[in-house]
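Thanks for making the time this morning. I would like to walk through one structure with you, going from a pair of helices to the core and then to a single residue.

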Amino acid sequence: MTLTDARLRPTIDTPAPAPSRKWSAKLWAILIVAGLAMFLDALDVSMVGVALPSIGAELGMETESLQWIVNGYILGYGGLLLLGGRASDLLGRRKVFLIALAVFGVASLVGGLVDSGGLLIASRIVKGLAAAFTAPAALSIITTTFKEGHDRNRALSLFTIFGATGYASGLIVSGLLTGIDWRLTFFAPVIAVAIVIVAAFIVVPKTKNEERGQIDFAGAATLTGGMLAAVYTIVTVPETGFTPFLITTTVAAVVLLAAFLLIQKKVREPLVRLGIFKVASIVRANLAALAIFGSYISFQTIVSLYLQNTLKWEPLDMALALAPAGIIVAFLSPVAGKLIDRFGTRPMIIASMASFVLGYAWFIVRGGDAEPAYFVDYLPSFLLLGLGFALGFSAVMVQATEGISDDEQGLASGLVQTSGQIGGAVVLAVVTGLISGGVATSLTQYRPGLYFVIAVAVVGLLAAASALLGSRKTEAELAA
């Protein structure tokens, strides 16, 4: 079955049957190793988010520059995820997984050793490029190991636990390590990477690659270059206006992204089969991923800067404040697979986006006090965001990969993760432009960014809710 064939399947958004099948120790081991890659990615995001103010203070980086520590990783990650997914399909998931993990570890080590903002950003870009290969390889290892339906839904819900645990652990560990030296937050993942490489070498089986084809390097280059030019322009324009150089980067972004679309239409084996966007459920899943990651990464950046720079919280205090979001995901994620089996993916994604909207709204309304009451003003917001992730992440991944043949699972999983990372990069770039302009002395200076964050979440909610209109129309047509 090809990606476009999935459009003909009526069961993509319907609950799956729940056959009873006991997993072997080998299956559990594969799931754990693949999940550890997710753990590392989430660990990195949360650790760096907490450390940003300390990094800026030591290296003399303003908000506009600091956002590139996050966005450098995101753009490297999002720009090559599709290439990573395709490479895992063609070259072998195990091989791609192991090599990319090694590069990830080396880049993390280098990031802790450098002493300039430019070199740190460069190391983050390389680290993101490596994650662009580990993430789709890990996800496609799961989706090809576990049968579509109950087993895969359960596996993906457990996969989410690793992300939640990594995120929560990263907050706490970074809070502790940043108080000593922010560089330790870059050194710590190196040890975890070494352990995962050894485990993956032992556990993940070699697979015979029956598919033959070429990798679309031109498509990957134009997509990554176009996104870098676009984000650089969005971040810089509010500060300098449209200078001749920024006019050039704007034109370059338009030309490169247009070239990417043209290449995808003309090349025999593109990174993205554009026909996939005719499948409404897959489009909605990708829009949900864009809204979830785009809004939350920007929200975390705002909260980190506000609590530490404006309210003068210690890094550990800030980390502990955000930790409940990750904890609630860890506790609820095991239930997500059962909920998907029972209700299907559409209600789960709608509930997830509604929870994000409410969480951001609560922080905007209640979070402006100079001396906030944490349990009343902040905690409800963070719990709602954790609930949003717990309900939505697994459902999005299931909906984005369901009905896809094994030889294109890397492509489908890479596409949905690309949507999340590109959403994170673009939304953060816009938010940075909205909140830049010196050290903020109150939440008021962050409000334009927060309003944009909640607007993105609302758009995601509306896109998810449109599925209900589509299903009613289909039922009416069948009844007629």
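Let me begin with a question: at roughly what angle do the axes of helix α1 and helix α5 cross? Please keep in mind that what you have in front of you is a predicted model. In this model the axes of α1, which covers residues 25–59, and α5, which covers residues 150–180, cross at roughly 35 degrees and come within 6 Å. Those are the two quantities to look for, since two packed helices are described by the angle between their axes and the distance between the axes. The crossing of α1 past α5 is right-handed, and the residues that make up this contact are 20 nonpolar, 11 polar and one charged.

Now to the core. The largest nonpolar core has 139 residues, and those touching the most other members are I55, I69, F97, F299 and Y360. Helix α1 comes back here, because with 18 residues α1 gives the most to this core. If we take F299 and set aside residues up to four places away in sequence, F299 touches Y360, F363, S381, F382, L385, L450 and V453.

Finally, let us turn to A132, which sits in helix α4, residues 117–145. Is A132 buried or exposed? Its relative accessibility is 0%, and buried means under 20%, so A132 counts as buried. Beyond its neighbours within four places in sequence, A132 is in contact with G76, Y77, L80, L81 and G84. The C-alpha atom of A132 is also 9.8 Å from that of Q421, although 289 residues separate the two along the chain.

Key. Residues numbered from 1 in each chain as written. Predicted model: local features only at pLDDT ≥ 70, side-chain atom pairs only at ≥ 80, totals over all residues. Heavy atoms only, no water. Axes fitted to C-alpha atoms, helices over the stretch in contact; angles between N-to-C directions. Helix = DSSP H or I, 4+ residues; strand = E, 2+ residues; numbered from the N terminus. Left-handed = near helix turned anticlockwise from the far one by under 90°. Nonpolar A, V, L, I, M, F, W, Y, C, P; charged D, E, K, R; others polar. Core = buried A, V, L, I, M, F, W, Y, C linked by side-chain atoms within 4.5 Å. Buried < 20%, exposed > 50% of the residue type's maximum accessible area, 1.4 Å probe, protein only. Contact = heavy atoms within 4.5 Å.
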